[in-house]
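Welcome, and thanks for taking a look at this one with us. Please open the structure below and keep it in view as you read the briefing.

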Amino acid sequence: MNLRTTVLLISLSVLLLAMATVAVTADQVKHAAAVLGIDFLDDEEIELMLPDLEENLAAFDSIASADIPNGLSPALVFSPVLRPDQLPADTSVTAPAFPPNLPQGRALLTGYEWMTVEQLAGLIYNRQVSSRELTEYFLQRLKEHDPTLHCVITLTEERALEKADAMDAELAAGTYRGYLHGIPYGAKDLLAARGYPTTWGAEPYRDQTIDMDASVVEQLDAAGAVLCAKLSMGALAWGDVWYGEMTRNPWKVESGSSGSSAGSASAVAAGLLPFAIGTETLGSIVSPSTVCGTTGLRPTFGRVSRHGAMALSWSMDKIGPITRSARDAGLVLAAIAHYDPRDGHAIPAGFQYSLPLDIPAPRRIGYLKASFGGDYDFAASDSATLASLRTIGYELVEIDLPSAPEIGFILSVEAAAAFETLSRSGDDDLLTRQMRNAWPNTFRAAHFVPAVAYVQANRLRRQLMIDLDRVFAENDIEVYVNPSWNSSSLFITNMTGQPSITVPNGMYDGTPTSITFTGRLFGEQELIEVAAAYQDATRWDEQHPAAF
């Protein structure tokens with residue numbers, strides 16, 4: 001190598017280094033500080049910072065160019081558990097093994113579309129219907145009504161029929177896997193299913209295939225359930241609008257089904273499937289279950305593995321069942337509550353589910369008296385619910401929730417990190433919803449949240465967990481009842497990781513209303529018992545949209 005070549009190479013290296021280094025000026029720092037709410041810097045302090053800020057920018061660019069898959073979770077792991085005694089002592093997963101005998105001809109009297117998992121399980125176990133017959137029946141209903149409801153992204157017909165035949169063959173040979181043996185279901189399309197697209201409801205991913213089954217799909221497959229459809233979701237788990245239209249509410253088809261588990265709730269409410277799997281980060285099981293009149297169980301954070309599911313917020317995402325009854329929700333949860341270490345946030349908590357029998361009374365339930373007061377849309381239904389609970393024999397104990405700090409941007413920051421590549425590529429412009437209150441804008445704005453503020457918010461989050469735990473302890477309650485929408489409970493408990501179950505409790509303006517029961521960490525059994533007692537006493541869960 002001659003001298004001239006050496007000089008040219010050195011010069012080129014210096015030029016590339018200069019291009020890679022962004023010069024930060026004091027004026028830029030002042031403007032940025034104003035946006036970030038930083039007011040403790042003087043001119044000398046800013047000048048001292050400039051080299052460090054330039055180094056940070058170089059690091060940020062390096063991270064932004066890294067290939068980080070959506071499924072890779074942060075090293076910082078969230079757990080809702082404050083103390084060892086909050087964890088269940090028994091980490092096994094069990095459920096009732098055999099359904100009871102059912103009267104002959106029951107299916108002909110009621111129709112498969114409105115039967116519960118319990119009832120359908122009895123028909124299969126007692127050879128009154130085959131899994132193949134049920135699967136073909138629900139596949140036909142999905143095909144017939146999806147043009148109206150827009151609740152299906154992909155039918156998994158070939159897989160479903162193959163599985164149904166296998167379950168019929170096993171039963172004929174004397175093998176029965178439990179209540180979900182041969183029962184059709186649908187999965188929100190953020191759960192991977194081998195051989196089929198997993199679109200996340202978003203145009204940039206409509207051709208995406210993930211060559212695996214999500215952990216929840218694996219566990220349902222092991223329980224004998226039959227996957228019939230990948231169901232619609234609001235794009236990247238916000239709302240009920242996806243690239244294939246707005247998912248409709250079976251009770252009022254000109255309206256949306258809410259979201260983001262839009263298709264899961266719509267399909268179950270319309271009798272297109274006996275149950276479905278939804279997810280919740282901040283209301284995505286509670287909200288569609290409310291307007292569609294389904295039962296939605298949001299499990300304790302970490303109880304159900306999210307391996308193979310789209311990540312939106314690693315510290316807030318939960319997976320749970322949407323069903324016709326609280327009893328069915330327990331049966332499905334018992335199938336998907338197996339610990340899976342492939343989810344770095346999963347907790348080996350187990351779940352030993354017993355179908356509710358006689359509910360002891362009186363039994364203490366907390367209630368948010370202040371939230372139930374006043375004039376709001378569901379007030380009449382909620383007031384009647386409190387009266388029903390007292391009639392059943394529950395003692396209602398007035399409680400107050402702790403004040404909720406302004407930490408909602410935790411979700412926005414984690415979501416922006418999960419989809420940073422989408423934002424930087426500009427492909428976020430392909431998402432159907434383009435407005436202030438939608439993901440593209442939220443992702444961009446979240447890049448301006450200081451890392452220090454994110455950490456501080458999580459410290460306040462832990463205090464919120466401590467404060468809510470104290471509410472349960474000081475009032476000696478396992479469960480409290482709250483308006484599904486008219487309280488701070490939905491926000492608080494999605495931050496703390498508490499389980500909840502939402503059940504229909506009336507009608508308002510042509511669509512169902514709901515009530516929500518919230519429990520201690522890993523208190524799903526108690527939640528199901530209270531919700532089942534309420535459903536047995538009121539029968540709102542047996543109301544169905546006439547058009548379907």
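What you have here is a predicted model, and a good place to begin is Ser289. Leaving aside its neighbours within four places in sequence, Ser289 is in contact with Ala265, Thr294, Thr295, Gly296, Ile322 and Thr502. From there we move to a covered helix, then to charged pairs and aromatic rings.

**Ser289 and its surroundings**

- Ser289 belongs to helix α10, which spans residues 286-292.
- Ser289 counts as buried because its relative accessibility is 0%, and the cut-off for buried is under 20%.
- The side chain of Ser289 also reaches a backbone atom: the oxygen of Ile285, at 2.9 Å.

**Helix α14, a mostly covered helix**

- Helix α14 runs over residues 409-418, and 8 of its 10 residues are buried.
- The buried residues in α14 are Ile410, Leu411, Ser412, Val413, Glu414, Ala415, Ala416 and Ala418.
- If you would like to see what covers these buried residues, the elements to display include α15 (420-425), α16 (439-446), α17 (451-475) and α18 (489-496).

**Salt bridges**

- Searching the whole structure turns up 28 salt bridges, and three of the pairs are worth a visit here: Arg83 with Asp469, Asp165 with Arg132, and Glu420 with Arg424.
- In the salt bridge between the side chains of Arg83 and Asp469, the N to O distance is 2.6 Å. Arg83 is in the loop between α3 (43-64) and β1 (93-94), while Asp469 is in helix α17, so this pair ties together parts that are 386 residues apart in sequence.
- Are the two partners buried or exposed? Arg83 is partly exposed, at a relative accessible area of 32%, whereas Asp469 counts as buried at 17% relative accessibility.
- The side chains of Asp165 and Arg132 meet in a salt bridge as well, at 2.8 Å from N to O. Asp165 lies in helix α7 (residues 157-172) and Arg132 in helix α6 (residues 131-149), so the pair ties together parts 33 residues apart in sequence.
- Asp165 is partly exposed, with a relative accessible area of 35%, and Arg132 also counts as partly exposed, at 28% relative accessibility.
- Glu420 and Arg424 form a salt bridge in which the closest N and O atoms are 2.8 Å apart. Both residues lie in helix α15, 4 residues apart, about one turn of the helix.
- An α-helix has 3.6 residues a turn, so residues three or four places apart point the same way.
- Arg424 counts as exposed because its relative accessibility is 52%, and the cut-off for exposed is over 50%.
- Going back to Arg83 for a moment: salt bridges that share partners join Arg83, Asp85 and Asp469 into one network.

**Aromatic rings and the charges over them**

- The structure holds 20 aromatic pairs.
- Which residues do ring pairs link into a cluster? The members are Trp200, Tyr205, Trp238, Phe419, Trp439 and Phe443.
- Trp238, a member of that cluster, has Arg433 lying over its face, at 5.6 Å from the ring centre.
- Elsewhere, Arg461 has its charged end over the ring of Phe78, 4.0 Å from the ring's centre.

Key. Residues numbered from 1 in each chain as written. Predicted model: local features only at pLDDT ≥ 70, side-chain atom pairs only at ≥ 80, totals over all residues. Heavy atoms only, no water. Helix = DSSP H or I, 4+ residues; strand = E, 2+ residues; numbered from the N terminus. Buried < 20%, exposed > 50% of the residue type's maximum accessible area, 1.4 Å probe, protein only. Polar contact = N/O pair within 3.5 Å; in protein donor to acceptor, adjacent residues only side chain to side chain. Contact = heavy atoms within 4.5 Å. Salt bridge = Lys/Arg side-chain N within 4 Å of Asp/Glu carboxyl O. Phe/Tyr/Trp six-rings, centres within 6.5 Å; stacked < 30°, edge-to-face > 60°. Lys NZ or Arg CZ within 6 Å of the ring centre and 35° of its normal.
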